[in-house]
Structures are given as C-alpha cells and as structure tokens.
Amino acid sequence: MGVFDYVWAGVLAVFLGPEAFNIFGIGIPITVLMVIAGFLIGIVTGATPGLSGPFLMAVSLPILISVFGFTPDALLPVFGFLVGIMKGATVGGAVPAILFNTPGTPDALMTTLDGYPMTKRGEAGKALRVAHFASASGDTFSDLVLFTCAPFLAIAVESYLGFTEKAALIILSLSFVAAVVGASPMKGLIAAAFGILLASIGTGEDNYSRLSLGTDFLANGIPMITAVLGVLILGEVFVSFEEMWREHRDEEAPPEIPQSGDNSLSFAERRKLMPFISVSACLGTMIGALPGIGSTLAATLGYATGQKMHKGKIPFGEGAPEGIAATEAANSSVSGANLIPVLSLGIPGNVGAVFLILAADSIGGFNPGPSVFRFTTDVVNPELVIAFGLFTAMAFANLLNWTIGARFMQMVGVMTKVPKSVLMPFVLLLTLTAVYVQETNFNAVYFLLLFGVIGFLMRKLAIPTLPFVIAFILARNLETTLRQAFAVSDADPLFLFKSITSVAFLSMSVFVVIFFSRSKK
Amino acid sequence: MGIFRSADMITTALLILLGLVTLLLWIPGDIDTGMIEKFRRQVFIGDALIPTLAAGTIVICASVHLLISLLRSNTNQIEEDTLNRESLGFLLVVSMIVGASLVLMFWLGPLAVSVFDSESSYRTMRDTTPYKHLGFLVGGMVMMAGLISLIEGKISRQRIIISLISVLLLIFIFDVPFDSLLLPPNGDW
C-alpha cells in the first residue's frame, strides 16, 4: 500500500465503516454518528461551568467500551466520540464566558474580558459569532499542522532514534512537563517521580509483584484509570466542594441581559479579525505541540499578543471583538497540536491526550507512538489506517464546527444555571460509578478515592498534578525502553550516555529544569 | 511563617521521609531482585532500579525545594487556598459522608436479601430488581444528598429529590441499556 492508499483507507474506515442504522436504505456509519454525538455533548459540557471536556471523556470511556467492546472495530467510533468532545468543549467554553462572565473552561477566562462587556452592550450574538469563527479557524489550522507534522516527526523518530534515545526522550518530556507546569520545577519533578514510584507497584518482571507489601490489594498494581481520574477529576471535585463550603451559598446564575445591539458578523469584520486569529493560531499550535503547556497559557499569550497588535477604537478589555478572537483562536488551536507528541512520540502532552491514550490502552490494537506511522507496502499496517481514520474524524468534527457549531453554541447558555453544589456531587458519583463499571471491583473505588485525596492535597500544596499523571502513564514505557536499551548496549552501565542524541536529550532535561527554576524566582 | 509556607515545608519534610523509607526499607524489603541482576551470565536491569531512581529523585528534589524554601522569604500562594486545619477537617467530614454511603452501597443489597429472602444468597439475587439496585440507589442518594447538604449548609427536600433523580439517571445510563455492566457493588458478589 502506498501513502495515499493509507490515507484513503482511513477516510473509508470512517465513512464506510460499520453502520449504526439505515435511513431510506442509506447506511449511517457509526463513527460519523459518534463524532456528531461527541461534538454536541462536548459543546454542552464546555458550556457548563464546573464540567470539562477531559472529565466527560473520562466518564464516557467505560460506557463506550461496553457498547463497542475490546475489538479493533471499536477504536474509531470511540476515538471519534472523544475527539468530538475535545472540539465541542473548546467551543462551548466560550458561551458562559460571554453570556454570564463565567468561563465554562479555565482557558476561556480571557474570553470574559471582552466577551462580557460586549454582552452588556447588547452584542452577545456578535461576540458568540466572533468566538466561534476564531475557535473554528484556530482549530482547523492546528489540525492541518497535526496532519502534516505528526507522520514526518514519527518517521524521523522511528528512523533515527534507538532504544537509548527513546528512553532519553521520555526523560526529557517528563522533565519538560515537570518544569513548565506549576510554580516550582522541583515540585513538578517530585510529582513525576511520585507517579513513577506508584506506577511501579505490583509490576515488574520478577514473579513477586514488587512493592505490593505481600497484599492481594496491591499485587495487581494500581489500575491506571483510578490514578488518572482520581488525581485529575476527583481532586478537582474535592477542591470545589471546599470552595463552595467556604462560601456556604449556592452560586446564583447572573441575570440575562437583553440583547438589542449589532449581533451580526459581516465578511469584512471577519477579514479584519484574521490577523489576530492567524497570529494566535500559530502561537497556540506551537504551544500545543509542546507537552505540558496547556491552552490556558496559549489563551493568555494570544490575548497579550493581540493587545499589542490592536489599534482599534475599542480597547482590549472593554468589549473588543479582536480580544475574543485572539483568545479563542489561541486556546482552540492547542487541541489539534496537542496530539502531535501523542501520535509521533507516544507521549501525552495534556489531559485530553491522556484520555485518548487511556482509550487506546483499554481497547488495544493501537499503540500511539512512532511505530504507528510505518508505511509498510507489502502488509497493511492497521494502526496507520486507524491513525488516518482519526485524522478524518477530526476533520469531520471541524466541518461540524463550521456548519452547526455556531447555531448550537447559542442554544446552550442555559447550562450556566445548573447549580454547582448539585453538579459536583453528581460528578463524584458519576466518576465512581464509571470506574466501578470498568473495573467491577470495589478496590478500584478505594483506589479512586485515595487518588482523589492525593489530588486534593497536591492542589492545596501547589504541587502540579499533570506531571504525576503523565509519569504514571509513561512509567511502564520508560522502564521497558530502559531495559531494552540496557540489553542492546551489552549491559554497559553508561548506556544512556553512549549516543550524542541521547546525551543532548539528557542535557536538555537538566537545562529546562534549571532554566525554569531560575526564571521563576 | 505563613500557613502555606509551613504546610509546604512540613509536606516537603514528609516527602523526604517517604523517599528515605522507600529507599532504605520498602525497596530492599519488598522487591526480590536488585537494581542490576545477573542470570546465566546475562546482565539485565532488575525490578528495583526504577523505584530506586524515583524515590531518589523525590529525596533529592524535596531536599532542594526545602533548601530553596528556607532561603526564600515569601511565596505568591494565596493563604486561604492552602492546606490548613479547616481543609483537613472538611476533608474528614467528606470522607465520613462518602465512607458511610459506600458502606450502605456495599451492604444494603445483601442485608435486604438476608432479611426478605433468607433462602437465597445475594450472589444469586444480584441480577434481580430491586436487590440489584438497592445498595447503589440508597448509597448513591445518601452520598449526593449528604454532600449537597454539607456544601450548602442546609438539608432541603428539593435537593434530596434531585439526588434521587440523579441516581436513577445513572441507573438508566449504566444499567438499563447494558446487560454486561454491573453497578456497584454487584461485581464484588
């Protein structure tokens, strides 16, 4: 099979894959249906303050696996749904930010600065259109970069990097994430090392399950889903419980403001926004391609850059459409680029990518990493077909965003009225149920709650959670790669320092930690 | 010294202790192979290497962080956001509510079977309504209503009804459409 045959096979796998049902004799492919469902539910989730795309991805995973099973046929529908959520939630986050001055997702915080003043002027419709236009443009640009860069990067990694270099690259990625996330690189490194330590419980090559204290409880290791969901979701839920408890009152939804201003967005206005969108999309894509740096930083940088470029009548912060465009293009362009390190290196760079890896890990048959992009000509590489199927699903989700996204996002403002004091306990019970359904063992619930408490404590002590989660996921891969590198080096104790590339990666690991420690003084 | 700073330093000291205990006691006592192993003249990485490196990193980084904290006079952390007695007390109350609801969730179904159908065991009845939903329904409702009441500082009938509807919704999502899915605690019996 040639390159284009693989691309075409991926497209066909989405549009001519297994049918969900027939309408007048025309089969509706299940993957297409799942992308649509994920996208629409994602918008609703993004528009609900307190909920987030990654949370929905996490709790929907057990249901998706129950519906589709553990076969390779399940991969594309599940990925399609998750990708739909990712994209929908990004767009949806702007809705409460604009209408009620409440960001639906953290990266929509900067959108409130100009979005809400526009709403107060009676131009909420225009603000939503600007947000949607910028978000869809940024997202499309980012996806195009992903489609073109990921395969080349993966091929380069596979061609030039051996086991030693791959091990050093994982160390570099972990150091980078640890250094850039949070206030202190040392705390980031502690979190990453803690993740590796806990991930090594109950695993190993010896007959005895290491660090299991001789108990059955730890003998099979810690289920990955409990550690990831506990720290990321329940930790956040517990923190929000405490915040609400301190306030001792329900957050009342702000009143709606009557809209009577100019709510259209003309072609000329869109053209005027393009410079802001372009710059922010490039910034967001570059940030998204680096592991660990989230869309919140992209939004902040995009906004700050847009502010410097802006020479219009209405200044940033007082209801300038350019401010919304700069923010939304930046935070939306992160999502596609975030998948570059996942697909080309097998390293999840953000929370959304973590759940794609979890899905792939749970279902099997697809191991995100450089080996996916092996363009074998004699035998079909099914993983490559899945990868191009994933790209097709992303492109289709973008198409949905351009066509129905704007209309749908104007309908979900009502979600802000859901009281957070009811929503958060529901999130706890839902997460608990989703984990139990997948693991069918109460021990998983105990692990989940334990990691929830760990996540709570980490947040309260300003220890970043993302390095912990990424290290927990990559620990097995790191150990296997180190073992292989050691074996092929004929047991050389300095095996990590025998190649220039490996030494360069390790030096960079040390450099990023020192650099970010110094700059954060 | 601020609350955050003292909490931060105590945690860092505890992390150093955890790292040292792991390095000196847990790893040597609970891993059968060393860091490097020889077997039939082949040398390979043992199971102890990765945990040792991880624990070593914790000790080193926590020590460096402690040193930096001692040298720096202030932090940017908002004091109310940090870990204090009030937070820990709150966490304890949440744990008690969640713990009590989990006990109900786990035992209510088996208890109901033993009272109303003493001929059968819960294992044989775990797929029979109402037993299969009883623990989840009551335990889930207590968890939600308890937490909402704690957060809002009052118990209201409306919130109890919302909790009941939420748990029924979860049963409808997870149990009704799927025969293969087991709600808590049915997989354990």
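Let me begin where the two chains meet: in this predicted model, 51 residues of chain A are in contact with 58 residues of chain B. On the side of chain A that touches chain B, the elements that give two or more residues are helix H9 (185-199), helix H11 (224-247), helix H18 (420-439), helix H19 (442-460) and helix H20 (466-488) of chain A. Of these, H18(A) supplies the largest share, 9 residues. If we sort the residues on that side of chain A by character, we find 33 nonpolar, 9 polar and 9 charged. For the model as a whole, the scores are ipTM 0.92 and pTM 0.84.

Now to chain A itself, which has 21 helices and 2 strands. Its radius of gyration is 23 Å, close to the 24 Å that the globule rule gives for 521 residues, and chain A is therefore as compact as a globular protein of that length. Along the principal axes, the C-alpha trace of chain A spans about 75 × 55 × 50 Å. Of the 521 residues in chain A, 60% are buried, and among its contacts between residues at least 6 apart in sequence, 77% join residues at least 24 apart.

I would like to stay for a moment with one element of chain A, helix H2, which runs over residues 30-46. How far apart should the ends of its 17 residues be, at 1.5 Å a residue? The expected span is 24 Å, and because the end C-alpha atoms of helix H2 of chain A are in fact 24 Å apart in the model, the two values agree.

This helix is also mostly covered, in that 12 of the 17 residues of H2(A) are buried. They begin with Ile30(A), Thr31(A) and Val32(A), continue through Met34(A), Val35(A), Gly38(A) and Phe39(A), and end with Gly42(A), Ile43(A), Val44(A), Thr45(A) and Gly46(A). As a general reminder, an α-helix has 3.6 residues a turn, so residues three or four places apart point the same way. And what do the buried residues of H2(A) pack against? Their partners in chain A are helix H1 (3-15), strand S1 (19-23), strand S2 (26-29), helix H3 (53-68), helix H4 (75-92) and helix H17 (382-409).

Let me turn to chain B. Its secondary structure comes to 6 helices and 2 strands, and when we read along the sequence these follow the pattern α-β-β-α-α-α-α-α. Is chain B compact or spread out? The radius of gyration of chain B is 25 Å, well over the 16 Å that the globule rule gives for 189 residues, so chain B is more spread out than a compact globule. Taken along the principal axes, the C-alpha atoms of chain B fill a box of roughly 60 × 55 × 30 Å.

Chain B is divided into domain 1 (3-81) and domain 2 (85-188), and the C-alpha centres of these two domains of chain B lie 38 Å apart. Buried residues account for 37% of the 189 residues in chain B, while among the contacts in chain B between residues at least 6 apart in sequence, 63% join residues at least 24 apart.

Finally, a word on confidence in chain B, where the mean pLDDT is 87 and 95% of the residues reach 70 or more. Among the elements of chain B, helix H4 (residues 122-125) has the lowest mean pLDDT, 82, and helix H5 (residues 131-152) the highest, 93.

Technical notes: Residues are numbered from 1 along each chain as its sequence is written. Chains are lettered from A and ligands numbered from 1 in the order in which they are written. This is a predicted model: local features need pLDDT of at least 70, side-chain atom pairs count only at pLDDT 80 or more; totals for chains, interfaces and linings use all residues. Helices (H or I, at least four residues) and strands (E, at least two) are DSSP runs, numbered from the N terminus. The expected span of a helix is 1.5 Å times one less than its number of residues. A residue is buried if 20 or more other C-beta atoms lie within 10 Å of its own, exposed if 12 or fewer, and partly exposed in between; C-beta atoms are placed from the backbone. Two residues are in contact if their C-beta atoms, placed from the backbone, lie within 7 Å. Ala, Val, Leu, Ile, Met, Phe, Trp, Tyr, Cys and Pro count as nonpolar, Asp, Glu, Lys and Arg as charged, and the others, Gly among them, as polar. The radius of gyration is taken over C-alpha atoms; the globule rule is 2.2 Å times the number of residues to the power 0.38. pLDDT is the predictor's confidence in each residue, from 0 to 100. Domain bounds come from an automatic or database domain assignment.
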